[in-house]
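Me: I would like to go through this model with you, one question at a time, with the reasoning set out before each result.

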Amino acid sequence: MTQYVVLSAILFTIGCVGVLTRRNALVVFMCVELMLNACNLAFVAFARQHGNLDGQITAFFVMVVAAAEVVIGLAIIMTIFRTRRSASVDDASLLKY
Amino acid sequence: MNLLSQTVRLVEEGGAAPVVSPDTGAGGVFDLLWLVIALPLLGAFLLLAVAPFLQGSLKAAADKHGHLVGTAMSTLSFVLSLVLFVALLGRGAEERQIGQHLWTWFETGSLSVGMDLLYDQLAALFLLLITGVGSLIHVYAIGYMEHDERRRRFFGYLNLFVAAMLTLILSANFVGLFLGWEGVGLASYLLIGFWQHKPSAAAAAKKAFVINRVGDIGLSLAIALMFATFGTADFAGVSERAGDASQDTLTALGLLLLLGACGKSAQVPLQAWLLDAMEGPTPVSALIHAATMVTAGVYLVVRANFIFELAPIAQTAVVVVATVTLLWGAVLGCAKDDIKKALAGSTMSQIGYMMLAAGLGPVGYPFAIFHLLTHGFFKANMFLGAGSVMHGMNDDVDMRHYGGLNKAMPVTFLTFAMGYLAIIGFPGFSGFWSKDRIIETALADNLVVGLLAVLGAGITAFYMTRLMLMTFLTEKRWAKDVHPHESPKVMTVPLMVLAALSVLGGVLLLGDWIVTWLEPVTGHAEHHEPPLPALVITLIITAVVAIGVATAWFLVGKRDVPREAPQEVSFATRAARADLYGDAINDAVVVRPGASLVGGLATFDRVGVDGVVEGGSAGIGGLSTTMRRLQNGFVRSYALSVLAGALLVVLALLAVNFA
């Protein structure tokens, strides 16, 4: 049981550090997916521990939301790349104070 | 029963003030009483509210002939007053209080104020004075205002004034009196500021209005106190129940009424407006600021005799105020070079004499009214004379530029001389009889006050002789382009009539007629024996007057009068030229503290209240300016914020769970 949770925490931390440090939008995106899946792993593990299906159902929801998010996110990234020839998140900083 | 014992108590005290009990619905010619007010009111309405809306030739006709309407209304009112007076003469002394109920003005709970008129012996005399002198001045003003393009409006205001003054006099309760009181105040304001393109006239009008408001506070508070104490403000009700009120209430009532009288009659300490009021056209100065309106304070005191009789402290206050004013005004009259201001100082002083008599109780009331009437004649005469002189001198008012006008304007000179002899109290002239009796009564009452009044008579003789000499006699000191000429007939005829009245006004005293006539209104009083025989007193007064005249002759008549006022003068002269520092005192006591109070409040508002509000908003604004820097456009810094927030939430949850 502990191993699952520790693995989930490690994966989440990797994703988190990736989001904060990488500039390439695609990599940031993958790191976000990593975090989501780390959460899924934790949900499933806890569901197993408590012996009910709540956590598993939530994991399905997360997957559905993640799939929808990927569709929109990739579309945005592609549009930005087409106009700017760059996928760096730091370059897209026009919307500010 | 209560009433009966009341009467007994009053009779025992000897100074019973008569109860006003008008006999309503007297019928006959008295049913027309309301017309006396309505006629000039109609004139004012036509001239001020209808004429401006006329078109084309009608409007031109109204502007051209409007003054005739105004004069006609005033004259008709005079004729009616005369008819009423004759009818009143025909009645017995007990039946001479006539009431007329017009309509109920307002009613709430047990309180009811009617539009009631009261025509009695006192009102009858006032009616004749106001409409009579008023009509003469209307006639005079036709000539005086001939070249003024707003003559129609001027006559409208004059009619408005006459209507308001008649309301003041004829009202049977203090509320109606207050209506007239405010009405004459308004008319006075409009007429002082008639030439409002002159900043000095506009300022003088405002000054008169504001100072009068101070007095009006007194009168309105007195009315409120009457409602609270007696439940009514009718003369009849108040005079009947005055004996039931406590001494403190009556004293307060008397002092409040005195405050009102001081404002309207320019008595110290509310005297400062009268001299400035001379900025108005001269007929206005003659009618409002000499003959009628300024005497309203005297009327108020005499009318409210049922209160003053029971409030000795207030009566003493009246005497003190009057004595101070009669000397104050006389001193001002000595130093002024402006002919109208010198006459205005004299008006203050003469009203002081009337107030003095009114403060002496039933012995004095008839003489107060007598002097009021004679003063109305001779002062209106002299003001109109001064107007005639100004007319001939291109509106110059400085007496130092006059001199030798007796040849150039003989009629004005002669009529003015009649007024002059009347005011200084030359034996036989009207002022001699009226002033003499006031001083006699004052001497019998209080030696100091009486002697001060004698002194005032001496000063009066001095300044009037000075005025007379500087204007009509002595060397010519005219400006180069001035060609004095006699005024037209329309101006000189009223002068002649008023001069005749100034000479003959004394007939009212024949056989003590005016005393007997007014007795039912003012109450009967035993005369105190004066300290000296009356004849000796008269001789002393005449001697003092002669000294005053002689002094003026030696100081003014025998010397050359410089065209410019000498600047190297004594302290006394400088003080008198500065109105005895009346304005300075007002400034120091009222204006400056008021201004600093208002300034302080404004500063508190700006710094305190605005500071809190504006400081708060500025703080929020500054904070948000700093905060918006967080919105820097870098996605990764947002992500860091989200992480930090999430960690914070997790830590908080842990802390809650483990605590």
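The questions below turn first to the interface of the two chains and then to a pair of helices.

Me: Which three residues of chain A supply more of the area it buries against chain B than any other three?

Reply: In this predicted model, chain A and chain B bury about 1,100 Å² between them, with 62% of that area on carbon and sulfur atoms. Of the part that chain A buries against chain B, 54% comes from three residues, namely A:Leu20, A:Asp90 and A:Tyr97.

Me: Which residue of chain B forms a salt bridge with A:Asp90?

Reply: The count between chain A and chain B is 1 salt bridge, and across their interface 3 residue pairs are in polar contact. By class, the side of chain A that touches chain B has 7 nonpolar, 2 polar and 4 charged residues. In the salt bridge of A:Asp90 the closest N and O atoms are 2.6 Å apart, and the partner is B:Arg636.

Me: Is helix 6 of chain B roughly parallel or roughly antiparallel to helix 12 of chain B?

Reply: The axes of helix 6 (residues 174-192) and helix 12 (residues 296-303), both of chain B, come within 12 Å and cross at roughly 175°. Angles over 145 degrees count as roughly antiparallel, and therefore helix 6 of chain B is, relative to helix 12 of chain B, roughly antiparallel.

Me: How many charged residues has the contact of helix 6 of chain B with helix 12 of chain B?

Reply: Helix 6 of chain B contributes B:Phe174, B:Leu177 and B:Trp181 to the contact, while helix 12 of chain B contributes B:Ala296, B:Gly297, B:Tyr299 and B:Leu300. By class, this contact has 6 nonpolar residues and 1 polar residue, and the number of charged residues is none.

Key:
Residues numbered from 1 in each chain as written. Chains lettered and ligands numbered in written order. Predicted model: local features only at pLDDT ≥ 70, side-chain atom pairs only at ≥ 80, totals over all residues. Heavy atoms only, no water. Buried area = accessible area lost by both parts, 1.4 Å probe. Salt bridge = Lys/Arg side-chain N within 4 Å of Asp/Glu carboxyl O. Polar contact = N/O pair within 3.5 Å; in protein donor to acceptor, adjacent residues only side chain to side chain. Nonpolar A, V, L, I, M, F, W, Y, C, P; charged D, E, K, R; others polar. Axes fitted to C-alpha atoms, helices over the stretch in contact; angles between N-to-C directions. Helix = DSSP H or I, 4+ residues; strand = E, 2+ residues; numbered from the N terminus. Parallel < 35°, antiparallel > 145°, perpendicular 65-115°, else oblique. Contact = heavy atoms within 4.5 Å.
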